[in-house]
Amino acid sequence: MHTNTNTLLHPLALRRAEPEDLPGVLTLLADAAEWLYSRGVRQWPRGGFGPERIVPLIEERVLFLLDDELRYLDPDESAPPVATIAVDDHADPEFWTLDDDPGAALYVHKLAVARPWSGSGLGDALLDWACTYAHAAGLPYLRLDCAKDNWRLQEYYRRRGFRHVRTVDLPHRASGALFERPSLDLATTAFRDLTMAELISA
């Protein structure tokens with residue numbers, strides 16, 4: 001995994017998103033969408049997602065945020081999250097068929113890392129964490145879909161242990177390249193996992 005000055009100087013913690021996090025999440029996703037758009041990638045709508053797409057993820061408790069823990073030293077400062085990832089059991093029915101056994105996996109959505117943290121390896125760490133999360137749920141796979149024409153991103157997922165299942169080419173969907181990875185119990189030192197306390201107390 002790559003590291004940079006940010007991850008060495010700023011301790012990070014992973015937690016579930018709360019309703020009050022909505023503005024920061026929308027800003028992070030909008031910034032990521034604009035960056036993708038500037039590179040010719042149309043997977044996400046320019047300007048990001050509306051609240052109606054994100055609020056259900058928060059309410060279902062499937063959206064997770066990485067925080068810079070130093071933000072809590074200044075209670076007056078409202079810092080946006082460093083990264084976000086949603087992990088749930090919602091297989092997109094336009095992509096995953098009954099033959100895929102949709103219930104055999106967890107699915108990654110809305111993975112984004114703030115631009116100042118680009119190159120820090122946080123995307124890698126969050127995918128490893130999601131892989132462990134699927135393993136802990138007793139499911140054999142972690143799955144995702146990405147833009148059909150984003151070859152660079154597809155190669156990135158291959159390097160991260162994902163297998164290209166197939167590409168579903170629907171004219172109304174920019175996404176459609178389907179990937180899966182076996183779930184494994186992987187340790188990460190990139191951040192503190194505050195969600196583990198929930199599992200222990202459950």
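Are Arg 143 and Glu 180 buried or exposed? In this predicted model, Arg 143 is buried, and Glu 180 is buried as well. The two residues form a salt bridge in which the closest N and O atoms are 2.9 Å apart. The count of salt bridges comes to twelve, and the points below describe several of them, together with a charged surface patch and one helix.

**Salt bridges between separate parts of the chain**

- Arg 143 belongs to strand S5 (residues 141–147) and Glu 180 to strand S7, so their salt bridge ties together parts that are 37 residues apart in sequence.
- A salt bridge also joins the side chains of Arg 173 and Asp 92, with an N to O distance of 2.8 Å.
- Arg 173 is in the loop between strand S6 (163–167) and strand S7 (175–182), while Asp 92 is in the loop between strand S3 (83–88) and strand S4 (105–113); the pair therefore ties together parts that are 81 residues apart in sequence.
- Arg 173 has a relative accessible area of 22% and is therefore partly exposed, as the buried class requires a value under 20%.

**A further buried pair and a network**

- Arg 15 and Asp 21 form a salt bridge, their closest N and O atoms lying 2.8 Å apart.
- Both Arg 15 and Asp 21 are buried.
- A network of salt bridges links four residues, namely Asp 124, Asp 128, Arg 160 and Arg 181.

**Positive surface patch**

- Arg 39, Arg 115, Arg 152 and Arg 159 form a positive patch on the surface.
- Arg 159 is part of helix H5, which covers residues 151–159.
- Arg 159 counts as exposed because its relative accessibility is 56%, and the exposed class begins over 50%.

**The two sides of helix H3**

- Helix H3 spans residues 51–59, and within this helix Ile 54, Leu 57 and Ile 58 are buried.
- Viewed down the axis of H3, the buried residues fall within an arc of 100°, so they line one face of the helix.
- An α-helix has 3.6 residues a turn, so residues three or four places apart point the same way.
- Glu 52 and Glu 59 are exposed on the other side of H3.

Technical notes: Residues numbered from 1 in each chain as written. Predicted model: local features only at pLDDT ≥ 70, side-chain atom pairs only at ≥ 80, totals over all residues. Heavy atoms only, no water. Patch = residues over 30% accessible without salt bridge, like charges linked within 9 Å, V, L, I, M, F, W, Y side chains within 5 Å. Areas by Shrake-Rupley, 256 points an atom, 1.4 Å probe, with all protein chains shown as cover. Lys, Arg positive; Asp, Glu negative; His and termini not counted. Charge placed at Lys NZ, Arg CZ, Asp CG, Glu CD. Helix = DSSP H or I, 4+ residues; strand = E, 2+ residues; numbered from the N terminus. Buried < 20%, exposed > 50% of the residue type's maximum accessible area, 1.4 Å probe, protein only. Arc of directions from axis to C-beta.
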